[in-house]
Amino acid sequence: MELIAQGRDADVYALDESRVLRRYRHGGPTGLESRLMTHLAACGYPVPRVYEITDTDMVLERLAGPTMMDVLARRPWQVTSLGRELGRLHDRLHALPAPGWLPKRFSTADGDRVLHLDLHPGNVILTERGPVVIDWCNAGAGDPAADVAMTMVTVGSAEVPGLAARLGRGLLLRGMRGGCRTDPAGRMQEAAQAKLDDPNLTPAEAAWLRRHAGGGKGPGVGRTDRSGC
């Protein structure tokens, strides 16, 4: 099998022109993840088709197209429009009530919604049919503000080289805020604290998150303004 992608917890192999194998290195929530993707597809949300699963493996639809992150690297002038697209993907997802079997994360008394909790540009494939969201292993039921906050701390803490890339990150996050209706301000510290539980963090990422979990604010992250939203 040809290895075509590697994440922090899983590897992706090409099986043929229409299918890929996503294999967790140490086991994963394949049953819950596949059930959620099947549910979301039935609701009209853009996810890969699931063909079969085992305890460690998922055979999924092979998506043709670059990730949003790849496009950002090649066409940085599209950063604001891609950020808005990321915000719209949040809004579309948060319009869906969470099924009762989805684990509760960042729950709210106002009615839990489906949360991806890792919805960043590396997990969006830009296909001919539109953007498709992948990697649902962290998903849960809860407050949409936490989902947007988790994206902001994930993007904000990521190590990116060069001033231009860091400025682009701020533009991406502002674009995302302009594309969604949810204000993440009340969940920012909680999201940063939760992200610290990720065993794959680099020392620099962990240091950034500890500052924000403690209430600090960095450029473009943690703002409470509603400009463009």
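Begin by selecting methionine 58, which is found in strand S5, and keep in mind throughout the tour that the model on screen is a predicted one. Is methionine 58 buried or exposed? Its relative accessible area is 0%, and because buried means under 20% relative accessible area, methionine 58 counts as buried.

Next, display what surrounds this side chain. Leaving aside residues up to four places away in sequence, methionine 58 touches Val20, Leu21, Arg22, Tyr24, Thr30, Glu33, Ser34, Met37, Glu52 and Ile53. To follow the chain further, mark glycine 28, which lies 30 residues from methionine 58 along the chain, while the C-alpha atoms of the two are separated by 9.8 Å.

Now widen the selection to S5 as a whole, residues 57-61, together with strand S4, residues 50-53; these two strands pair in the antiparallel sense over 3 bridges. Within this pair, glutamate 52 has valine 59 of S5 as its bridge partner, and the two strands form a hairpin with 3 residues between them.

From here, bring the rest of the sheet into view. In what order do the strands of the open sheet run? The sheet has 5 strands in the order S1-S2-S3-S5-S4, with antiparallel pairing. Its edge strands are S1 and S4, each of which pairs on one side only, and from one strand to the next the twist averages 25°. As a guide while rotating the view, side chains in a regular strand alternate between the two faces of the sheet.

Move on to strand S3, residues 19-24, which pairs with S2 in the antiparallel sense over 5 bridges. A useful pair to label here is alanine 10 and tyrosine 24, since the alanine stands opposite that tyrosine of S3.

Continue to the edge strand S1, residues 2-6, and its partner S2, residues 10-14, which are joined in the antiparallel sense over 4 bridges. Alanine 5 has valine 12 of S2 as its bridge partner, and S1 and S2 form a hairpin with 3 residues between them.

Finally, leave the sheet and select helix H6, residues 188-195, in which Met188, Ala191, Ala192 and Lys195 are buried. Why do these residues lie on the same side of H6? They cover an arc of only 100° around the axis, which puts them on that same side. To see what the buried residues of H6 pack against, add helix H4 (144-157) and helix H7 (203-213) to the selection.

Key: Residues are numbered from 1 along each chain as its sequence is written. This is a predicted model: local features need pLDDT of at least 70, side-chain atom pairs count only at pLDDT 80 or more; totals for chains, interfaces and linings use all residues. Side-chain values use heavy atoms; hydrogens and water are left out. Buried means under 20% relative accessible area, exposed over 50%, partly exposed in between (1.4 Å probe, protein chains only). The arc is that of the directions from the helix axis to the C-beta atoms. Contact means heavy atoms within 4.5 Å. Two strands pair if DSSP finds at least two bridges between them. Axes are lines fitted to C-alpha atoms, for helices over the stretch in contact, and angles run from 0 to 180 degrees between N-to-C directions.
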